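Colleague: Please place the model on the screen, and let us examine the reasons behind each label that you assign.

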Amino acid sequence: MIVLGTTIAIDEIDPYRCIGCGVCVQSCQNDVIRMKGGKAYRAHLEECSGCTFCIEDCPREAISLGLVSESKKQKGYQTK
Ligand code: SF4
Ligand code: SF4
């Protein structure tokens, strides 16, 4: 179910599961994910298409997809 004012995008990168391998950065064609301090974070969430490539490639199942509010998505940078 799609809720008005929301869109599908990566909802979280769990810093406790992430081992900093960088695979998700390579997987994302939209340059959404960057590395900082050995962890992946959502640097450009506004560019996420919800394609799930990063989720499929992450060896630690650290990335989850979900309904994200449009305002949060357009804000872009998300630290977690
Ligand atoms: S692929 Fe998974 S474990 Fe590797 S950096 Fe990305 S989120 Fe972390
Ligand atoms: S779901 Fe697709 S567009 Fe979004 S961060 Fe992952 S690989 Fe990039």
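Colleague: What makes you say that the side chains along β3 alternate?
Modeller: In this predicted model, A40 and R42 point to one face of β3 and are buried, while K39 and Y41 point to the other and are not. In a regular strand the side chains alternate between the two faces of the sheet.

Colleague: Why are β2 and β3 called paired strands, and in which sense do they run?
Modeller: Pairing requires at least two bridges between the strands. Strand β2 (residues 33-36) and strand β3 (residues 39-42) have four bridges in the antiparallel sense, so the criterion of at least two is met. Opposite A40 in β3 stands M35, and opposite K39 stands K36.

Colleague: What do β2 and β3 form together, and what is found in the turn?
Modeller: The two strands form a hairpin with two residues between them. In that turn, G37 has a positive phi of about 60°.

Colleague: Which residues have a positive phi although they are not glycines?
Modeller: D31 has a phi of about 60°, and E61 has one of about 50°. D31 lies in the loop between α1 (23-27) and β2, whereas E61 belongs to the loop between α2 (53-57) and β4.

Colleague: Why are D31 and E61 called exposed?
Modeller: A residue is exposed if 12 or fewer other C-beta atoms lie within 10 Å of its own. D31 has 10 such atoms, so D31 is exposed. E61 has 9 and is therefore exposed as well.

Colleague: How do you know whether V3 is buried or exposed?
Modeller: V3, in the segment before β1, has 8 C-beta neighbours inside 10 Å and therefore counts as exposed. Although V3 and S69 are 66 residues apart along the chain, their C-alpha atoms are separated by 8.9 Å.

Colleague: What makes C28 buried?
Modeller: The cut-off is 20 or more other C-beta atoms within 10 Å. C28 has 23, so C28 is buried. This residue is in the loop between α1 and β2. Leaving aside neighbours within four places in sequence, C28 is in contact with I33, F53 and C54. By contrast, C28 and K39 lie 15 Å apart, C-alpha to C-alpha, with their positions eleven residues apart in sequence counted as a separation.

Colleague: Where do the buried nonpolar residues gather, and which of them touch the most other members?
Modeller: The largest nonpolar core has 15 residues, of which I10, C24, I33, C54 and I63 touch the most other members. The elements that give two or more residues to this core are β1 (6-13) and β4 (63-69), and β1 gives the most, with three residues. In soluble globular proteins, nonpolar side chains tend to be buried together.

Colleague: What does I10 touch beyond its sequence neighbours?
Modeller: Not counting residues up to four places away in sequence, I10 touches R42, C48, C54, I63, S64 and L65.

Colleague: What surrounds ligand 1, and how is its shell divided by class?
Modeller: There are 13 residues around ligand 1, the closest being C18, C21, V23, C24 and C58. The shell has ten nonpolar, two polar and one charged residues. Cysteine and valine count as nonpolar, so the five closest residues belong to that class.

Colleague: What surrounds ligand 2, and how many charged residues does its shell have?
Modeller: Ligand 2 is also surrounded by 13 residues, and the closest are C28, V32, C48, C51 and C54. By class, that shell has eight nonpolar, five polar and no charged residues.

Colleague: What pattern does the chain follow as a whole?
Modeller: The chain has three helices and four strands, and the pattern along the sequence is β-α-β-β-α-β-α.

Colleague: Why is the chain called as compact as a globular protein of its length?
Modeller: Its radius of gyration is 12 Å, close to the 12 Å that the globule rule gives for 80 residues, so the description applies. Along its principal axes the C-alpha trace spans about 35 × 25 × 20 Å.

Colleague: How many of the residues count as buried, and what share of the contacts join residues at least 24 apart?
Modeller: Of the 80 residues, 21% count as buried. Among contacts between residues at least 6 apart in sequence, 67% join residues at least 24 apart.

Terms used:
Residues numbered from 1 in each chain as written. Chains lettered and ligands numbered in written order. Predicted model: local features only at pLDDT ≥ 70, side-chain atom pairs only at ≥ 80, totals over all residues. Near = placed C-beta within 6 Å. Core = buried A, V, L, I, M, F, W, Y, C linked by C-beta atoms within 7 Å. Contact = placed C-beta atoms within 7 Å. Rg over C-alpha atoms; globule rule 2.2 N^0.38 Å.
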